[in-house]
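Please look through the sequence and the model below, starting from the bound molecule and its surroundings. The paragraphs that follow move from individual atom pairs to the wider shell, and then to the cysteines.

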Amino acid sequence: MEGQELQQDDIWQAVLGEIEVSLSRGSFVTWFKNTCLLKQNDGATVIGVSNIFVKQHLEKKYGDLIMETLRKQGAAVDHIEYKITPAASRHRELEDEKGFESSELGSLPVTSGGSVQTLRQTSNGLNERYTFDNFVVGDGNELAFAACQAVTQQPGTKYNPLYLYGGVGIGKTHLIQAVGNALQARNPDAKVLYIATEQFVREFVQSLRGRTAAAFASNYRSADVLIVDDVQFLAGKDKIQEEFFHTFNTLHQADKQIIMSSDKPPRDIAMLEDRLKSRFVGGMSIDMQVPDFETRCAIIQLKAEGHQITLDPEVIEYLATAVQTNIRELEGALNQLLAWCDVRSLTPTVAIASSLLQVHKTRPKHLSAKQIIERTARHFQIPLEDIIGPKRDKDIVVPRQVAMYMLHEELRLSYPKIARELGRKDHTTAMHSVRKITQESQVDATLRNAILEIKEHLYA
Ligand code: ADP
Ligand code: MG
């Protein structure tokens, strides 16, 4: 039995290897990263997937490709079944059948065609600017988008809590706000609350001072939908964690929808109570990726249209290439370009865009290998001696590999040079490290953020 599993695993690795090269990075990560081959014999094939969206998408879009690739590997395949399985995912999926019932909120009557009174200004923290309609769906964010829509259809049921995580400026706030707006529009009487964690913390502290802690607690515990943005800021704040834990439980037990965002998965939030970590992954957690090139182009186009401007495709592509990791920055670059050209009555061109972007985006000339290594060590809170020393503990090896990667990316040092800077003799170690970090940073949001943060400090 074990031997058979091993063989299955080999087949699946080979299949994934082949599919990986035929898809964009974003698609591969989104749809195939957490899959496995659960069963393969006598023509019956069962593939394990982490959630319902992946299941539907693989069935609809990649069924033929998977079948063909499996056959190429010598597997007899008549029929493929997709099964949602916790084994296919690091995220725990609740196989809770009651989840399919409509919640109290979900079954409230829908008011007549989004009537005008739904536009009333409330202090629910929502910003009407963020909607599903003006969110561009593509590689990198489509899974998160699908989950948000599912939650909007049936709040408080299956994906509770919904937890989105990923780098800065990639649309987390936009999406969770869009859920809030959609739900509020559908049910004007529902209590939908959006709050940034920093503000939640501030209000909590004030309530303690003003002896209004009970009012604070009952306000949040009576929500129908609670959206909490950037929960990584709960880290290290014991009292508010305690408070949030009880709020969470009260809402969750009453099948009220909870939505959270963060820059990292719960397990990577240092100084967050274990009981919160386990609550946070108890529904659905989704790793949002930076939108791919085509999606970034579509976003620029949409935002330019918002200003009644049609941009030359060349300009769009230039911007989408120049700003790759942060949509907020991408929007900033676009706005800067449009404003500059507007004042001078010029048509935006690649030349203008590039000269504007050069101004603040160049790598500092004086950046040295030493600075990069020091900054990396500091980021991971390990002593400089350790990163360049002989230790091989995991919490030292990874920062060392990141440092090698940074030297490669930022200074284009040769592998032997990189190895020497980090006290290694063998240049293949450097080569291996750079390759490893390059690959892992594509699928690991925390690592990607670490690299971005180090870079930001170096450039500052
Ligand atoms: P995050 O919360 O992940 O840091 P935001 O949700 O604040 O990022 O997004 C930053 C900006 O980029 C916002 O103005 C948002 O509207 C815009 N944005 C991000 N992704 C998209 C998208 N797919 N389509 C349209 N706008 C987007
Ligand atoms: Mg945000």
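Which polar backbone atom is 2.8 Å from a nitrogen atom of ligand 1? In this predicted model, the backbone atom belongs to Val136, and the partner on the other side of the pair is a nitrogen of ligand 1, at 2.8 Å. Oxygen atoms of the ligand are also engaged, though here the protein partners are side chains: an N or O atom in the side chain of His174 is 2.7 Å from an oxygen atom of ligand 1, and a polar side-chain atom of Arg129 lies 3.4 Å from an oxygen atom of ligand 1.

How much of ligand 1 does the protein bury? Taken alone, ligand 1 exposes 560 Å², and 96% of that area is buried by the protein. Helix H5 (172–186), helix H10 (293–306) and helix H12 (327–344) are the elements that each give two or more residues to the shell around the ligand.

That shell holds 19 residues, of which Gly169, Thr173, His174, Arg328 and Glu331 come nearest to ligand 1. His174 therefore appears twice in this account, as one of these nearest residues and as a side-chain partner of a ligand oxygen. By residue class, the shell around ligand 1 divides into 7 nonpolar, 7 polar and 5 charged residues.

Turning to the cysteines, a search of the whole structure finds 0 disulfides. Cys148 has a relative accessible area of 0% and is therefore buried, and Cys341, with a relative accessible area of 2%, is likewise classed as buried because the limit for that class is under 20%.

Note on methods. Residues are numbered from 1 along each chain as its sequence is written. Chains are lettered from A and ligands numbered from 1 in the order in which they are written. This is a predicted model: local features need pLDDT of at least 70, side-chain atom pairs count only at pLDDT 80 or more; totals for chains, interfaces and linings use all residues. Side-chain values use heavy atoms; hydrogens and water are left out. A residue is near a molecule or strand if one of its heavy atoms lies within 4 Å of it. A polar contact is a pair of N or O atoms within 3.5 Å; within protein, one must be able to donate a hydrogen and the other to accept it, and residues adjacent in sequence count only if both atoms are side-chain atoms. Accessible areas come from the Shrake-Rupley method with a 1.4 Å probe; for residues, only the protein chains shown count as cover. Helices (H or I, at least four residues) and strands (E, at least two) are DSSP runs, numbered from the N terminus. Ala, Val, Leu, Ile, Met, Phe, Trp, Tyr, Cys and Pro count as nonpolar, Asp, Glu, Lys and Arg as charged, and the others, Gly among them, as polar. A disulfide is a pair of cysteine sulfur atoms within 2.5 Å. Buried means under 20% relative accessible area, exposed over 50%, partly exposed in between (1.4 Å probe, protein chains only).
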